[in-house]
Amino acid sequence: MALKQIGILEGLLYTAGDEGLEITQLQDILDVSEEELLALVADYESPGLMIHQYGNTLVLTTKQALADYIEQLVKQQSNMKLSQAAMEVLSIIAYNQPVTRSDIEVIRGINSDGAAKTLIARGLIEAKDEDNSRSQQLYTTPLFLNVFGMKNIDELPTTEEEEEEIESFFNNLINQKGDNNE
């Protein structure tokens, strides 16, 4: 029975994606106690995947050993090239997150829905509903960090850092840029 529950747990977390699922929700679905659920998580084995706990949420993630391969995949995908508009929107979100689409429009002075949709489709940003806001808030994703070689958003260059590092970061952004405008 435990194998069946592990398979169900894996399937549920896969389906939930990077949002993961709350421990209490999984307990209800699997009809197990928290201890039994955490035992299932501890027993989970996969060559490339693992179950990671963030607070009260469980997420199915890839193992760290796959990071170089995933990075190669991302770099090989030529469709990861972004338009100038998408790069501008990505920069605005990275430095000001969370922001709404209307915030971006105010900053850029032009509708940026197309660029935002492209960034969401490519997994570089995500839209989240927040309780204190009527609009979806836009955030960068772990893929954004991976593509630009950062461990966390605090590694973004600031004006206080050397200009060489800032220039290097933006050259990396330009290398991701394509010719089409979105």
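1. Glu45 sits in the loop between helix 3 and strand 2, and in this predicted model the residue is exposed, with a relative accessible area of 74%. Although Glu45 and Ile6 are 39 residues apart along the chain, their C-alpha atoms are separated by 9.3 Å, which gives a newcomer one point at which to relate the loop to an earlier part of the chain.

2. For the overall layout, the protein contains nine helices and five strands. Read from the N terminus on, these elements follow the order α-β-α-α-β-β-α-α-α-α-β-β-α-α. The protein has 182 residues, and 35% of them count as buried.

3. Helix 2, which covers residues 23-30, has Ile23, Leu26, Gln27 and Leu30 as its buried residues. These residues cover an arc of only 105 degrees around the axis, which puts them on the same side of helix 2. The face turned away from that buried side carries the exposed residues Thr24 and Asp28. Just after helix 2 comes Asp31, whose phi is positive, at about 55 degrees.

4. Helix 3, made of residues 34-43, can be read in a similar way, with Leu37, Leu40 and Val41 buried. When helix 3 is seen down its axis, the buried residues fall within an arc of 100 degrees, so they line one face of the helix. Glu35, Ala42 and Asp43 are exposed residues carried by the face of helix 3 that is turned away from its buried side.

5. Turning to the strands, there is an open sheet of three strands in the order 1-3-2, and its pairing is antiparallel. Strand 1 (21-22) and strand 2 stand at the edges and have a single partner strand each, so one side of each is left without a neighbour in the sheet. Strand 2 and strand 3 pair in the antiparallel sense over six bridges, and within this part of the structure His52 has Val59, in strand 3, as its bridge partner. As a general reminder, strands of a sheet pair through backbone hydrogen bonds, in either a parallel or an antiparallel manner.

6. Strand 4 and strand 5 also run antiparallel, and four bridges join them. Within this pairing, Ile125 stands opposite Thr140 in strand 5. In strand 5 (residues 137-140), Gln137 and Tyr139 point one way while Leu138 and Thr140 point the other way, and all are buried. For a reader following the side chains, it helps to recall that in a regular strand they alternate between the two faces of the sheet.

7. What does a search of the whole structure find in the way of salt bridges? The search finds two, and each can be examined in turn. In one of them Arg108 pairs with Glu88, and the closest N and O atoms are 2.9 Å apart. Arg108 lies in helix 6 (residues 101-108) and Glu88 in helix 5 (residues 84-96), so the pair ties together parts that are 20 residues apart in sequence. Arg108 is partly exposed, with a relative accessible area of 22%, and Glu88, at 33% relative accessibility, also counts as partly exposed.

8. The salt bridge between Glu126 and Lys128 has its closest N and O atoms 3.7 Å apart. Glu126 counts as buried, at 15% relative accessibility, whereas Lys128, at 31%, counts as partly exposed.

9. The largest pocket deserves a point of its own, and about 1,300 Å³ of space lies in it. Its lining consists of 33 residues, of which Asp18, Thr61, Thr62, Pro142 and Leu143 lie nearest the centre of the pocket. The elements that give two or more residues to this lining are helix 1 (2-16), strand 2 (49-54), strand 3 (57-62), helix 4 (67-76), helix 7 (113-121), strand 4 (125-128) and helix 8 (142-147). Which of the elements gives the most to the lining of the largest pocket? Strand 3 does, with five residues. By residue type, the lining of the largest pocket divides into 16 nonpolar, 11 polar and six charged residues.

Methods. Residues are numbered from 1 along each chain as its sequence is written. This is a predicted model: local features need pLDDT of at least 70, side-chain atom pairs count only at pLDDT 80 or more; totals for chains, interfaces and linings use all residues. Side-chain values use heavy atoms; hydrogens and water are left out. Buried means under 20% relative accessible area, exposed over 50%, partly exposed in between (1.4 Å probe, protein chains only). The arc is that of the directions from the helix axis to the C-beta atoms. A salt bridge is a side-chain nitrogen of Lys or Arg within 4 Å of a carboxyl oxygen of Asp or Glu. On a 1 Å grid over the protein atoms alone, a cavity is a set of points where a 1.4 Å probe fits but cannot get out, and a pocket is an open set with protein on both sides within 12 Å along at least five of seven lines; lining residues have an atom within 4 Å of a point. Grid points are joined across faces, edges and corners, and a volume is the space filled by probe spheres set on the points. Ala, Val, Leu, Ile, Met, Phe, Trp, Tyr, Cys and Pro count as nonpolar, Asp, Glu, Lys and Arg as charged, and the others, Gly among them, as polar. Two strands pair if DSSP finds at least two bridges between them.
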